[in-house]
Amino acid sequence: MTLLRAVKGMNDVLPDEIGSWQRVEAAYARTMSLHGFREVRTPCVEPTGLFVRAIGEATDVVEKEMYSFRHHDEDLTLRPEGTAGAARAYLEHAVHAKEPTSRWWYSGPMFRAERPQRGRYRQFSQLGAEIFGDPGPGCDAEMIDMLVGFLGDLRVPGVEVLVNSLGGPATRARYRDALVQYLTPRAAELSAESQRRLATNPLRILDSKDARDQAAVRDAPTMSELLDDADRAHFDGLRRHLDELGTPYRVDARLVRGLDYYTRTLFEIKGAHDALGAGSTLVGGGRYDLMLAELGGPQVPAIGFAAGLERLLLGSGLAPPGHAVDTLVAPLGEAAASRALSIGRELRRKGIRCEVDTRGGSLKSQLRRANTLGARMVVILGDSELAEGVVQVKDLEARTQDRMPIEQALRIIVDRLMAASRSVDSRPPAPGQEKP
Ligand code: HAM
C-alpha cells in the first residue's frame, strides 16, 4: 500500500524543529506584551464574503489563492490572512464602543493556494497585530520600530525597512488615473497579466516581478507626487518619528502591496539571510483606515502587520535550541523501576525537566539516550543502590560520578543546573540566552 503524504505546500513541524518555533513565538508574545497588545484568537474559517470585501476582488489572494468551499448553504474560506477576521471580530463585538483604541495580536495558520517554494507555502503561520482606533502616525512609527527590535532579538541579518504612503482614497483614485494614462500607450510592452490588471487593478502592475512590466513602470509617476496635504503631513510625521527614534528605513515610492485595503502608511521589512532567497520579505503591513467602514462598521482608523513565521525561522541567525531534558533517571533492572519513577516525580516538582528511561536496558544504552536528549545529569539506580537507599549521580559535563543519598542528589542536581542556567523553572529563555 502506498503511504499517504501531507498536502503539497503544507508541512509537518516535527519535535526536532518545534523548539525554534516556540522560541520565536515566546519572543513575539513578550514583545507584544511590552507594547500593550493583547492576544485575540479568531476562527480559521470565515464567510468567503468577508475576504472578498476586505481584501478586494481584484487581488491575487481573492482571485486565485483562496481555499473556498460550500458547506450546506454557506460559502466559506480558510483564512488567507488574519486582518479581515480580526476586523470582523472587532466590529461583531462592538469593541469600538467599549474602548477608544485596541491593540490586538494573533498567531496561527493561514492558507493560500500559491505555488510552493522555499519560504512560500500553502499553509503557513503568521505572527500579526492590529491597532484599532489610532490614526497615527505615532503608532505607525512605534510599530515599525518595535518590529526592527523584534527582528534584532531574532538576530535577523540585513534588516531593511521600506516605507511608502498610499494616501487616502482620493489620492489613490488620482494615482490610478495617472498610472492608467501613463501605461495605456505602453500596454503592448506589458505582460499579459498586467495588460489585464491595467483595467482591473493597475497599482498591482508596480509590484510585478515580470521584467517587461518592471521596464514599463520604471519612469511611471509615483504616488508621492500626488499626495494631498493631509496625507503628506501624515507621511512626514511618520518619517520624523522614525528619524528621531533612529530607526533605519528607506522610502520606496513604488512600494504597493497585494491587498486592496491599504491607505496611507505602507511598509515591508526584508532580511538578508542566504536561506531566505526570493522569500526575503519577512513582514508586511500598513494602515487600513477605511476597511472597517467598508465592512459595515463605523469609521475606525487601523494599522497592522503580519510576519511569516517560517520565513522568520529561515531568516533568523539563531542556532536551533538544544536539549530536550536536563536529567535522565536510569533504572538498572525491574526492581529499580518504580523508585526511578518516584525520583523522576521529585525532580520535576523541583522544576527539573527529566525523563525516566522506562524501557530500562543496559547502562550503556541509557547513557546513549541521555546524550540524545542533551541531558547533563544522569541518576543511576541499580539493585545495590536500591538496597542502600542511595543513587549514583553522573554529571556528563563535569565527567564525575558520585554515590549519595537521594536528598543530596536532588540538591546537587538543582544547584548545578541553576548554575548552568538550564531549565529549573519553566520560563522560556530570552532569544539567544539559551545554551546550545
Ligand atoms: P501579507 O504581505 O500578505 O500581509 O503577508 C505578511 C507576511 O506573511 C509576508 O511578508 C510573509 O512573511 C508571510 N507570507 C505571506 N504569504 C506566505 C506564504 N504563502 N508562505 C509563507 N509565508 C507567507 C498580510 O497578510 C496582512 N494581513 C498584513 C497586515 C496586517 N496588514 C495590516 N494588518
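These are my notes on one helix pair and one group of strands in a predicted model.

**Entry 1: helices α5 and α9**

I began with helix α5, residues 138-153, and helix α9, residues 229-245. Their axes come within 8 Å. I read the crossing angle as roughly 45 degrees. The two helices are therefore oblique to each other. I also looked up the handedness: α5 passes α9 in a right-handed crossing.

Next I listed the residues that meet. From α5 I noted Gly138, Asp140, Ala141, Ile144 and Asp145. On the α9 side I found His234, Leu238, His241, Leu242 and Leu245. I sorted the residues of this contact by type: five are nonpolar, three polar and two charged.

**Entry 2: strand β15 and its partners**

I turned to strand β15, residues 390-395. Is it buried or exposed? Five of its six residues are buried, so the strand is largely enclosed by the rest of the structure.

Which strands pair with β15? Strand β14, residues 377-381, is joined to β15 by four bridges, and the two run antiparallel. I picked out one bridge here: Ile380 has Gln392 in β15 as its partner. Strand β16, residues 400-405, also pairs with β15 in the antiparallel sense, over six bridges. There I saw Val391 opposite Met404 of β16.

**Entry 3: the turn**

Last, I checked the link from β15 to β16. The two strands form a hairpin, with four residues between them. In the turn I noted Arg399, which has a positive phi of about 55 degrees.

Methods
Residues are numbered from 1 along each chain as its sequence is written. This is a predicted model: local features need pLDDT of at least 70, side-chain atom pairs count only at pLDDT 80 or more; totals for chains, interfaces and linings use all residues. Side-chain values use heavy atoms; hydrogens and water are left out. Axes are lines fitted to C-alpha atoms, for helices over the stretch in contact, and angles run from 0 to 180 degrees between N-to-C directions. Angles under 35 degrees count as roughly parallel, over 145 as roughly antiparallel, 65 to 115 as roughly perpendicular and the rest as oblique. A crossing is left-handed if the near helix is turned anticlockwise from the far one by less than a right angle, and right-handed if clockwise. Contact means heavy atoms within 4.5 Å. Ala, Val, Leu, Ile, Met, Phe, Trp, Tyr, Cys and Pro count as nonpolar, Asp, Glu, Lys and Arg as charged, and the others, Gly among them, as polar. Buried means under 20% relative accessible area, exposed over 50%, partly exposed in between (1.4 Å probe, protein chains only). Two strands pair if DSSP finds at least two bridges between them.
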